[in-house]
Amino acid sequence: MFIKKSNWLSYFWKFLWVVGLIFLSNLSFNYENQIQQTARETFSLIPVIWSKLFISILFGLYISLIFVKKWSFNRRMQEKELIGKR
């Protein structure tokens, strides 16, 4: 029973990660369109450059937090296994 729950939980987290990525993509797409519309009206490209930088940093943080969380969890599990073997 515990193994099935753990397997289900792993799929839930992956699904939640995909939903979050889709939400972040949609949010950044709408933000970029709004900034480009403002840039067309004001003839200023500075907001476009800053928005692309901001969106890139946001995606980088989102993806890196996913991998860091996974890495630290695996690291702790390995440490617990090593302590248990002693």
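A salt bridge is a side-chain nitrogen of Lys or Arg within 4 Å of a carboxyl oxygen of Asp or Glu. By that rule, this structure holds 1 salt bridge, and the tour will get there shortly.

Before you click, some ground rules. This is a predicted model, where local features need pLDDT of at least 70 and side-chain atom pairs count only at pLDDT 80 or more, while totals for chains, interfaces and linings use all residues. Residues are numbered from 1 along each chain as its sequence is written, and side-chain values use heavy atoms, with hydrogens and water left out.

**The whole chain**

Start with a cartoon view of everything. You'll find 2 helices and 0 strands in the protein chain; helices (H or I, at least four residues) and strands (E, at least two) are DSSP runs, numbered from the N terminus. Now switch on the surface. The accessible surface is about 8,000 Å², with 71% of it belonging to carbon and sulfur atoms (areas come from the Shrake-Rupley method with a 1.4 Å probe, and for residues only the protein chains shown count as cover). Of the chain's 86 residues, 8% count as buried. Buried means under 20% relative accessible area, exposed over 50%, and partly exposed in between (1.4 Å probe, protein chains only).

**Stop 1: the salt bridge**

Select Lys52 and Glu32. They form a salt bridge, and their closest N and O atoms are 2.6 Å apart. Lys52 sits in helix H2 (residues 46–85) and Glu32 in helix H1 (residues 2–42), so the pair ties together parts that are 20 residues apart in sequence. Both ends can be checked on the surface: Lys52 is partly exposed at 41% relative accessibility, and Glu32 is partly exposed at 22%.

**Stop 2: Tyr31 and Ser51**

Keep Lys52 on screen and add Tyr31, which is in helix H1. How far apart are Tyr31 and Lys52 in space, C-alpha to C-alpha? The distance is 9.9 Å, for residues 21 apart in sequence. Tyr31 is partly exposed, with 33% relative accessibility. Leaving out residues up to four places away in sequence, Tyr31 touches Ser51, Phe54 and Ile55 (contact means heavy atoms within 4.5 Å).

Click on Ser51 next, in helix H2. Is Ser51 buried or exposed? Ser51 is buried, with a relative accessible area of 1%. With the sequence neighbours up to four places away left out again, Ser51 touches Tyr31 and Ile35. The side chain of Ser51 also reaches the backbone oxygen of Val48 at 2.8 Å. That fits the rule for a polar contact: a pair of N or O atoms within 3.5 Å, where within protein one must be able to donate a hydrogen and the other to accept it, and residues adjacent in sequence count only if both atoms are side-chain atoms.

**Stop 3: around the loop**

Val48 leads on to Thr38, a residue of helix H1. Thr38 and Val48 are 10 residues apart in sequence and 9.0 Å apart in space, C-alpha to C-alpha. Thr38 is partly exposed at 35% relative accessibility.

Now pick Phe43, in the loop between H1 and H2. Phe43 has a positive phi of about 60 degrees, although it is not a glycine. Phe43 is exposed, with a relative accessible area of 77%.

**Stop 4: a nonpolar patch**

Show the surface again and colour Leu45, Ile46, Ile49, Trp50, Leu53, Ile57 and Leu61: together they make a nonpolar surface patch of about 760 Å². Patches are made of residues with over 30% relative accessible area and no salt bridge, with like charges joined within 9 Å and nonpolar side chains (Val, Leu, Ile, Met, Phe, Trp, Tyr) within 5 Å. Leu61, in helix H2, is partly exposed with a relative accessible area of 48%.

**Stop 5: the rings**

Last, show the aromatic side chains. Rings of Phe, Tyr and Trp (its six-membered ring) pair if their centres lie within 6.5 Å; planes under 30 degrees apart count as stacked, over 60 as edge-to-face and the rest as tilted. By this rule there are 4 aromatic pairs. The rings of Phe12 and Trp13 have centres 5.9 Å apart and planes at 65 degrees, so the pair is edge-to-face. Trp17 and Tyr62, in contrast, are stacked, at 6.4 Å centre to centre and 20 degrees between the planes. This pair links distant parts of the chain, with Trp17 in helix H1 and Tyr62 in helix H2, 45 residues apart. Finish by selecting Trp8 with Phe12 and Trp13: the three form one aromatic cluster.
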